[in-house]
Amino acid sequence: KLSKTAEAGGTSIEVLNAAGWQVGDEIVLASTDFDPRQAERRTISAISGNTITLDKKLDYMHFGKITFDVDERGEVGLLTRNIKLQASADAEQSFFGGHVMAMGTSKMFVEGVEFNRMGQNLTLARYPIHWHLIGDAKGQYIRNAAIHDTYNRCVTVHGTNFLRVENNVTYNTVGHCFFLEDGIETGNQYIRNLAIQTKCHTSKPCDPTNLAPFGATAGTNFKTTGQDSKDVLIPSDNTVSSFWITNPDNTYRDNVAAGSDATGFWFAFPEHPTGKFEGTEISRATWPRRTKFREFKGNVAHSNFDAFMGDRAPQADGRFAVGGYISLVNPADANSAQVESVVEDFTSYKNRNSGIWARGEMHLYKNLKMADNGIGFTHASGNTGRSLYTSRV
């Protein structure tokens, strides 16, 4: 993080810890304003302690202070790694990049790797890095990696459990970035990842579906044509999220969604897992929309449209509609007692629409810190019952 505000026109920044960074490394400063496109890429030309000299002036101010106990210090991500996987330069025109996929009995362990010009736009199963139907992936991981300038997602976890996704930086990517694919995936850990500038498309604006009666989309609310687009891989990519979360039985701790065109964190829980698992026995026995969240703690969202979306669940055809979230002691039994799902230590600021939009019952919000959002907190009811609010705003 920045340790002080970096002014527009400046050629140096001060960060909390530049240990291990080197002259010639490429970095990216996250936007700290409402516009995610204020993220800026620079090359380090000199380092003295935690002061970094940049190769050219900054175009924008990047905030670096804690104000009224809300930490709004902008993030700085390191994009350079010793090992680099990349497509040839013509991928910048074709959007046809490389991809890495583990399948079947494969085991994949990735650390300290840079992925550039990866993913094949609008093509299923062609992502920068992809665990595909592995099942139990305990002990496998991607950590300390950089994924940037890609054309189809960031890290895809499909039919894979107990994976660790930790301390990765993404920048300038297309489609849902940290992607849990079908809603069957459980026990995965997403720890301290930083997603900067998540885009709906390679070269045009989003056509989002914002199912809200008010807010920054006045006059276009409930417009769903974006879900019919031929220019996205799945309908919800036109309302893109940095963290697309389809099953609550996973851990999300200390992650940052810093500048999505649409959504930071999206709790997009289907009634049953979809895609490859639709109609299967394991899908019928799995109820994401009734399952308690394993852990969601210490996460931050800023410079998005919606910071946190706890509504709008995907259907079997990939389109989404209003869909609240009520967790039960026994998800398979609709008459089972309700159980709290907890969102803890969440920070949201400088989001163009909402800090939190959620729907459902028995949700506990602890130690929220929210500032400079178009709308702070909106919570709609599910069917019957109550919602619990314990927050500091």
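Let me begin with the disulfides, of which a search of the whole structure finds two, and let me say at once that what we are looking at is a predicted model. With the bonded cysteines counted along the chain, the pairing follows the pattern 1-2, 3-4.

The first one I would like to take up joins C154 to C177, with an S to S distance of 2.1 Å, and the torsion about its S-S bond is -105 degrees, which makes the link left-handed. Since C154 sits in the loop between strand 14 (146-148) and strand 15 (155-161), while C177 sits in the loop between strand 17 (169-174) and strand 18 (178-180), the pair ties together parts that are 23 residues apart in sequence. C154 is buried, at a relative accessible area of 0%, and for C177, also buried, the value is 0%.

The other disulfide is formed by C200 and C206, whose sulfur atoms are 1.9 Å apart; the torsion about this S-S bond is about 90 degrees, so the disulfide is right-handed. Here C200 is buried, with a relative accessible area of 3%, whereas C206 is partly exposed at 22%, the cut-off for buried being under 20%.

Let me turn now to the empty space. The largest pocket has a volume of about 1000 Å³, and of the 37 residues that line this pocket, K1, W21, V76, N167 and R192 are the closest to its centre. Strand 6 (70-71) and strand 7 (76-78) are the elements that give two or more residues to that lining, and strand 7 provides the largest share, three residues. By class, the pocket lining has 12 nonpolar, 15 polar and 10 charged residues.

As for enclosed space, the structure holds two cavities of 30 Å³ or more. The largest has a volume of about 80 Å³, and its lining includes F267, F293, F308, Y325 and H363. Strand 27 (306-310), strand 31 (341-344) and strand 34 (363-366) each supply at least two lining residues, and strand 31 gives the most, with three. What is the make-up of this lining by class? In the largest cavity we find eight nonpolar, three polar and no charged residues.

The second largest cavity has a volume of about 30 Å³, and among the residues lining this one are F267, F269, R289, G310, D311 and Y325. Its lining divides into four nonpolar, three polar and two charged residues. If you compare the two lists on the structure, you will find F267 and Y325 in the lining of the largest cavity and again in that of the second largest.

Terms used
Residues are numbered from 1 along each chain as its sequence is written. This is a predicted model: local features need pLDDT of at least 70, side-chain atom pairs count only at pLDDT 80 or more; totals for chains, interfaces and linings use all residues. Side-chain values use heavy atoms; hydrogens and water are left out. On a 1 Å grid over the protein atoms alone, a cavity is a set of points where a 1.4 Å probe fits but cannot get out, and a pocket is an open set with protein on both sides within 12 Å along at least five of seven lines; lining residues have an atom within 4 Å of a point. Grid points are joined across faces, edges and corners, and a volume is the space filled by probe spheres set on the points. Helices (H or I, at least four residues) and strands (E, at least two) are DSSP runs, numbered from the N terminus. Ala, Val, Leu, Ile, Met, Phe, Trp, Tyr, Cys and Pro count as nonpolar, Asp, Glu, Lys and Arg as charged, and the others, Gly among them, as polar. A disulfide is a pair of cysteine sulfur atoms within 2.5 Å. Buried means under 20% relative accessible area, exposed over 50%, partly exposed in between (1.4 Å probe, protein chains only).
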